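Trainee: I would like a close look at a single part of this model. Please take one strand and follow its surroundings.

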Amino acid sequence: MTLSNKEIAAKMKSLRKAYIETDRHKAFEKQLSRKFTRDEDGELTHLPVRCTGGTETEGIAFIEGSGGGKTTAIVEVLKNFAPLAHNPETGAPRYVHLKVAVPATLRSLGVDILKKMGVDKVSDRARVYDVWDMVRHRLKVIGATLLWIDEAHDMFKSASGAETENMFKMLKGLMQGEHPVVLVLSGTERLGSITGIDPQVNRRFTKIRPAPLAFGVDNVRIKGLVGAYAAKAGLEVAIDDDTINRLIHGSRYRFGRSVVCIIEAIECALYDGASTLEVHHFEDAWGVREGCSIEANVFAAADWMAIELEDEGEEVSQSPTVHKKVNRKKVA
């Protein structure tokens, strides 16, 4: 039965709103719980655990390539993390979330964080350290005990050596003083390389690095995901393990990207008026997103493993040596 555009739009909205709990969700929730104190009844509070003689807090660095699903996982965990979900004094959460805007400087980052906390205007004459004093003061005023900086690798994208050093001082400063906060940084592999430069910063962060998808290891899970999404859209499924392997490769071995591809393939099927989700729907969806020729489409090419995929913003290339390194087995 052919659906109207309105019906298809409704189905797609429902699919995109669906959230799948993954290992990255569980890993972040576990580490987050360890960063906050418990009361006499063993219940988590919004007060950070203080280390080094009670002088500083610790943070979490969530490191994963673009499209892995880290941002979605952090959003869901924080939204449902009771100690931080609601501050009765302000009516707002006890955490602040900021996505780094490029290009970022130490001053622009501080100003952007202040805007997130309701400070719309900062004097052009305010010095950088004055801005960051305001950030720390405002965090205390609103009772926020966690600051999440997303796309944190972009804090260092074009910074000079001095600017990078000052960024590190800022990070350490937020986790010290009268009102230290738990700092969450999320970003690509470059974030891990940068934070590792400063031993004092590096030791303050628990690292979460989700494993990439792998052939054989994740096929059943991804195939089940395809089936669940298709059923929600009212479609049957007719794909084999070869299609799942192509999906894993085409998604750069990233979970989040695989979900996007599945949903977009379903959208193609719905607009085709199909009753069954098939490989050519994945071919169409992936081809449109990648803007590639049929010969370079991983769902159409015979030797799809030979197709090297660009991965903007990542330092690790998708080459055969990388596949071998993470124990991916070539599938004919």
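Mentor: Start with two charged residues: Arg-190 is buried, and Asp-154 is buried as well. The model is a predicted one, and in it these two side chains form a salt bridge whose closest N and O atoms are 3.8 Å apart. Arg-190 belongs to helix α8 (residues 189-195), whereas Asp-154 sits in the loop between β5 and α7 (161-174), so the pair ties together parts that are 36 residues apart in sequence. In total, the structure holds 15 salt bridges.

That loop leads back to the strand itself. Strand β5 covers residues 146-150, and five of its five residues are buried, so the strand is largely enclosed by the rest of the structure. The cover is found on both faces. On one side Leu-146, Trp-148 and Asp-150 are buried, and on the other Leu-147 and Ile-149 are buried.

Now the neighbouring strands. β5 pairs with strand β4 (residues 95-99) in the parallel sense, over five bridges. Strand β6 (residues 182-187) also runs parallel to β5, and five bridges join the two. Asp-150 can be followed into both pairings: Lys-99 stands opposite Asp-150, and in β6 the bridge partner of Asp-150 is Ser-186.

To sum up the part, β5 is paired in parallel with β4 and with β6, and Asp-150 is among its buried residues. The loop between β5 and α7 holds Asp-154, which forms the salt bridge with Arg-190.

Conventions. Residues numbered from 1 in each chain as written. Predicted model: local features only at pLDDT ≥ 70, side-chain atom pairs only at ≥ 80, totals over all residues. Heavy atoms only, no water. Buried < 20%, exposed > 50% of the residue type's maximum accessible area, 1.4 Å probe, protein only. Helix = DSSP H or I, 4+ residues; strand = E, 2+ residues; numbered from the N terminus. Pairing = 2+ DSSP bridges. Salt bridge = Lys/Arg side-chain N within 4 Å of Asp/Glu carboxyl O.
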